[in-house]
Amino acid sequence: MSDESARAAEILADHRDSIDRLDAILVYTLGERFKHTQAVGRLKAKHDLPPSDPAREERQIERLEWLAKEADLDPEFAKKFLNFVISEVIRHHENLQR
């Protein structure tokens, strides 16, 4: 392996290590987020509140699109991701109300 190829392999390994750490952060962050949304779902179920709040969801999507632009992330990807998360949260809330 040439010096240049060896250096490229080192850089690749560094990037992959960072990606692995960021994946862990994402998983733990989503875990923490869902702990809170589960608490919200239990509170809504206890007080007979609807499982979804379309006005809040719309505000959250707008906010996430803005954050995505600020973070140089594709806003359409961010919107799809948040819509997926919101649909999971609503599903959990509906299950709690049964």
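What follows is a conversation about reading the helices and loops of this predicted model.

Colleague: Let's start with the long stretches. How many residues does H1 have, and what span does H1 reach?

Modeller: H1 has 44 residues and covers 65 Å from its first C-alpha to its last, close to the 64 Å expected at 1.5 Å a residue. You can do the same for H3: its 23 residues reach 33 Å, close to the expected 33 Å.

Colleague: Fine. Which residues of H1 are buried?

Modeller: A general idea helps here. An α-helix has 3.6 residues a turn, so residues three or four places apart point the same way. In H1 the buried residues are Phe34, Thr37, Gly41 and Lys44. They pack against H3.

Colleague: Take Thr37 on its own, then. Why does Thr37 count as buried?

Modeller: Because its relative accessibility is 12%, and buried means under 20%. Leaving aside neighbours within four places in sequence, Thr37 is in contact with Val89 and His93. Its side chain also reaches the backbone oxygen of Phe34, at 3.1 Å.

Colleague: And elsewhere on H1, is Arg21 buried or exposed?

Modeller: Arg21 sits in H1 too, but it counts as exposed because its relative accessibility is 52%. Its side chain has a partner, though: a polar contact of 3.0 Å joins it to the side chain of Ser18. Ala8, another residue of H1, counts as partly exposed, at 42% relative accessibility.

Colleague: How far is Ala8 from Leu64, in sequence and in space?

Modeller: They are 56 residues apart in sequence and 35 Å apart in space, C-alpha to C-alpha.

Colleague: On to H2 and H3. At what angle do H2 and H3 pack, and how far apart are their axes?

Modeller: H2 runs over residues 54-70 and H3 over residues 75-97; they pack at about 145 degrees, with axes 9 Å apart. The crossing is right-handed.

Colleague: Which residues meet there?

Modeller: From H2 you have Glu57, Gln60, Ile61, Leu64, Glu65, Ala68 and Lys69. On the H3 side they meet Pro75, Ala78, Lys79, Leu82, Asn83, Ile86 and Ile90. By type, that contact divides into 8 nonpolar, 2 polar and 4 charged residues.

Colleague: What covers the buried residues of H3?

Modeller: The cover includes H1 and H2. The buried set itself is Ala78, Leu82, Val85, Ile86, Val89, Ile90, His92 and His93. Among them, Val89 and His93 are the ones in contact with Thr37.

Colleague: Anything to look at where H3 begins?

Modeller: Yes, have a look at Asp74. One of its side-chain oxygens reaches to within 3.0 Å of the backbone nitrogen of Glu76, at the start of H3.

Colleague: Last topic, the loops. How should I read the backbone there?

Modeller: Check phi. Most residues other than glycine have a negative phi. Here Asp48, which follows H1, has a positive phi near 55 degrees.

Colleague: Where is Asp48 placed, and is Asp48 buried or exposed?

Modeller: Asp48 lies in the loop between H1 and H2. It is exposed, with a relative accessible area of 69%.

Colleague: What about Asp72: what is its phi?

Modeller: Near 60 degrees, again a positive value in a residue other than glycine. Asp72 belongs to the loop between H2 and H3, and it counts as exposed because its relative accessibility is 73%.

Methods:
Residues numbered from 1 in each chain as written. Predicted model: local features only at pLDDT ≥ 70, side-chain atom pairs only at ≥ 80, totals over all residues. Heavy atoms only, no water. Axes fitted to C-alpha atoms, helices over the stretch in contact; angles between N-to-C directions. Helix = DSSP H or I, 4+ residues; strand = E, 2+ residues; numbered from the N terminus. Left-handed = near helix turned anticlockwise from the far one by under 90°. Contact = heavy atoms within 4.5 Å. Nonpolar A, V, L, I, M, F, W, Y, C, P; charged D, E, K, R; others polar. Buried < 20%, exposed > 50% of the residue type's maximum accessible area, 1.4 Å probe, protein only. Expected span 1.5 Å × (residues − 1). Polar contact = N/O pair within 3.5 Å; in protein donor to acceptor, adjacent residues only side chain to side chain.
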